[in-house]
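Got the viewer open? Let's walk through this one a selection at a time.

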Protein chains: 2
Amino acid sequence: METKIDKSIELKAKLVLINSKLHFNGMVDGNQPISIDYIPPIGDGLGYTSLELLLLSFSSCLGSALLTFLRRMQKNIDGFEINANGVRNTEHPTGFKTITLEILIKSNNTTDSEVSKLIKMAEETYCPVWAMVKGNVKVETVVVIQ
Amino acid sequence: METKIDKSIELKAKLVLINSKLHFNGMVDGNQPISIDYIPPIGDGLGYTSLELLLLSFSSCLGSALLTFLRRMQKNIDGFEINANGVRNTEHPTGFKTITLEILIKSNNTTDSEVSKLIKMAEETYCPVWAMVKGNVKVETVVVIQ
């Protein structure tokens, strides 16, 4: 479908409308298409909304940065989840006013303060999605070590 | 899995690590999970990257805004696609320096200049994802009416 590209430099994605409202297939070569739609009555609620995809983009970006550092620090990671919650602005543009990321880590040798330092590093340098929303969205994080 | 929420106000998503590197399942209640991973050797390339999800978030946001206006204007839409391309910064944070969105519309009664006006409205007011990256990413659009 698409030619091989170096994803450390450049990325591509394709969106195709598949009904007469707002139901799309989102695609990147080699991956299962993502069903994307908007909430009724404007859409039919048949897939992820754009803002839910943004929450997953942000969570996976932060999660990847944190896990990379935690493993370099020889931490045992027996489970890792992020619950993302975004509250929209009430006026247009109705993007997120606040995003809250609850980070759950199962680890017997990791402390809250170690993770908090890594979150700070991710915010400042290593999480590109955070950098892209910086100044426009308030981001809150909650760390739960289990 | 999750309680019903009003998505016009608040949205939620969940990310769960499913291997010992950076392979995640991304989930929103009622939808097929999205396989998310980072490129080798840091990840295994088993799913969408965070930045590809951002491209799909942005494309579907802009697409939804444009289609909503085009239909209000009684335009015939026989096909609609967006090809998104993002070029990353070479230094950390390696988010997008530039995102290019090529918007392909099959329509026998729509002009380039009408779509360009709607893109301007989306940028300024009606595309929340655009508002969230504003000032941090350069966005270019190309319109092709077929």
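Start by selecting A:Val133: of the residues of chain A, this one comes closest to the rotation axis, with its C-alpha at 2.5 Å. Bear in mind as you click around that this is a predicted model.

Now for the axis itself. Color chains A and B separately and superpose A on B: the rotation that does it is 180 degrees, with 0.0 Å of shift along the axis and an RMSD of 0.0 Å. The two copies are therefore related as by a two-fold rotation axis. Both copies also use the same surface, since 100% of the contact residues of chain A recur in chain B.

Next, select the contact residues: 67 in chain A meet 67 in chain B. Which elements of chain A give two or more residues to this side? Pick out β1 (10-17), β2 (24-27), β3 (34-36) and β4 (79-88) among the strands, then α1 (50-72), α2 (112-126) and α3 (128-133) among the helices. Linger on α1(A), which supplies the largest share of the side touching chain B, at 15 residues.

Recolor that side of chain A by residue class, and you should see 36 nonpolar, 23 polar and eight charged residues.

Last stop: the strands. Show β4(A) together with β1 of chain B, residues 10-17; the two pair in the antiparallel sense over seven bridges. To pin down one spot in this pairing, which residue of β1(B) is the bridge partner of A:Glu81? Select B:Val16, and you have the partner on screen.

Key
Residues numbered from 1 in each chain as written. Chains lettered and ligands numbered in written order. Predicted model: local features only at pLDDT ≥ 70, side-chain atom pairs only at ≥ 80, totals over all residues. Least-squares fit on C-alpha atoms with pLDDT ≥ 70 in both. Contact = placed C-beta atoms within 7 Å. Helix = DSSP H or I, 4+ residues; strand = E, 2+ residues; numbered from the N terminus. Nonpolar A, V, L, I, M, F, W, Y, C, P; charged D, E, K, R; others polar. Pairing = 2+ DSSP bridges.
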